[in-house]
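Work through the exercises below with the sequence and the model open. Each task is followed by a solution in steps.

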Amino acid sequence: GAHLNPAVSLAFCLLGRFQWSKLPFYVLSQIIGAYLGAATVFAQYYDAIMSYGGGNLTVTGPTATAYIFATYPAAYLTTANGFVDQVSYTHCLKTHPSICNTDCTFSIS
C-alpha cells in the first residue's frame, strides 16, 4: 500500500507491515514533500492568490487564502470527533481503496 502520510506509515509499523527503522525517513520525506507541494502551488498560483486576497494572506475572513493549502475543522467540531473522523476515514481509504474511485461524481442540490 501507499504511504500517503505519516499516520499511514505509523499504522503500517504498528501492524508489523513496515520496518520501524525506516519510519523516521518516510515521515521526514512525507513532510518535506508536503511543503514542496504547497510551495509549488503557491508559486504556480501566486498572482491569483494575491489578487483574491488583495495582497494579504489571511487565515480567516471573506478573502482567506489559507484554505488553499490546508483544511480546517468547523467551529463546532470537537478534538475527539475530529480525531475519530480522521482515523476512521484513513482506515476506510486503506482497507477499501475503491471508495477513492475518480469516476465518482457528487452534486450539490
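**Exercise 1: The chain as a whole**

Of the 109 residues in the chain, 13% are buried. The model is a predicted one.

Task: State how many helices and strands the chain has, and give the pattern read along the sequence.

Solution.
- Step 1. The count is four helices and zero strands.
- Step 2. Following the sequence, the pattern reads α-α-α-α.
- Step 3. For the surface, the accessible area of the chain is about 8800 Å². Carbon and sulfur atoms account for 64% of that area.
- Step 4. For the contacts, take those between residues at least 6 apart in sequence; 21% of these join residues at least 24 apart.

**Exercise 2: The largest pocket**

Task: Find which residues lie nearest the centre of the largest pocket, and which element gives the most to its lining.

Solution.
- Step 1. The largest pocket holds about 660 Å³ of space.
- Step 2. Its lining consists of 23 residues. Those nearest the centre are Asn-5, Ala-7, Gln-86, Val-87 and Thr-90.
- Step 3. Two elements give two or more residues to this lining: helix H1 (6-14) and H4.
- Step 4. H4 gives the most, with nine residues.

**Exercise 3: Leu-23**

Task: Decide whether Leu-23 is buried or exposed, and list what it touches beyond four places in sequence.

Solution.
- Step 1. Locate the residue: Leu-23 belongs to helix H2, which covers residues 23-44.
- Step 2. The relative accessible area of Leu-23 is 13%, so the residue is buried. The cut-off applied here is under 20%.
- Step 3. Setting aside residues up to four places away, Leu-23 touches Ser-9, Leu-10, Cys-13 and Phe-18.
- Step 4. For a distance, take Phe-12: Leu-23 and Phe-12 are eleven residues apart in sequence, and their C-alpha atoms are 9.4 Å apart in space.

**Exercise 4: Thr-65 and Thr-58**

Task: Place Thr-65 and Thr-58 in the chain, then classify each by relative accessible area.

Solution.
- Step 1. Thr-65 sits in the loop between H3 and H4. Thr-58 is also in the loop between H3 and H4.
- Step 2. Thr-65 has a relative accessible area of 4% and is therefore buried.
- Step 3. Thr-58, at 27% relative accessibility, counts as partly exposed.
- Step 4. Leaving out neighbours within four places in sequence, the contacts of Thr-65 are Ile-49, Tyr-52, Gly-53, Asn-56, Leu-57 and Thr-58.
- Step 5. On the same basis, Thr-58 is in contact with Thr-63, Ala-64, Thr-65 and Ala-66. The pair Thr-58 and Thr-65 thus appears in both lists.

**Exercise 5: Ile-68 and the surface patch**

Task: Which residues form a nonpolar patch on the surface together with Ile-68, and how does Ile-68 count by relative accessibility?

Solution.
- Step 1. Ile-68 is placed in the loop between helix H3 (46-53) and helix H4 (79-95).
- Step 2. Its relative accessibility is 45%, so Ile-68 counts as partly exposed. Partly exposed lies between the limits for buried, under 20%, and exposed, over 50%.
- Step 3. Val-41, Tyr-45 and Phe-69 form the nonpolar surface patch with Ile-68. Together the four have about 350 Å² of accessible area.
- Step 4. Apart from neighbours within four places in sequence, Ile-68 is in contact with Val-41 and Ile-49. Of these, Val-41 is also one of the patch residues.

**Exercise 6: Two distances to Ala-38**

Task: Give the C-alpha distances from Ala-38 to Ile-68 and to Ala-70.

Solution.
- Step 1. Ile-68 and Ala-38 are 30 residues apart in sequence, with 8.9 Å between their C-alpha atoms.
- Step 2. Ala-70 and Ala-38 are 32 residues apart along the chain, and their C-alpha atoms are separated by 9.1 Å.
- Step 3. To place Ala-70: it is in the loop between H3 and H4. Ala-70 counts as partly exposed, because its relative accessibility is 30%.

Conventions:
Residues are numbered from 1 along each chain as its sequence is written. This is a predicted model: local features need pLDDT of at least 70, side-chain atom pairs count only at pLDDT 80 or more; totals for chains, interfaces and linings use all residues. Side-chain values use heavy atoms; hydrogens and water are left out. Patches are made of residues with over 30% relative accessible area and no salt bridge: like charges are joined within 9 Å, nonpolar side chains (Val, Leu, Ile, Met, Phe, Trp, Tyr) within 5 Å. Accessible areas come from the Shrake-Rupley method with a 1.4 Å probe; for residues, only the protein chains shown count as cover. A salt bridge is a side-chain nitrogen of Lys or Arg within 4 Å of a carboxyl oxygen of Asp or Glu. Buried means under 20% relative accessible area, exposed over 50%, partly exposed in between (1.4 Å probe, protein chains only). Contact means heavy atoms within 4.5 Å. On a 1 Å grid over the protein atoms alone, a cavity is a set of points where a 1.4 Å probe fits but cannot get out, and a pocket is an open set with protein on both sides within 12 Å along at least five of seven lines; lining residues have an atom within 4 Å of a point. Grid points are joined across faces, edges and corners, and a volume is the space filled by probe spheres set on the points.
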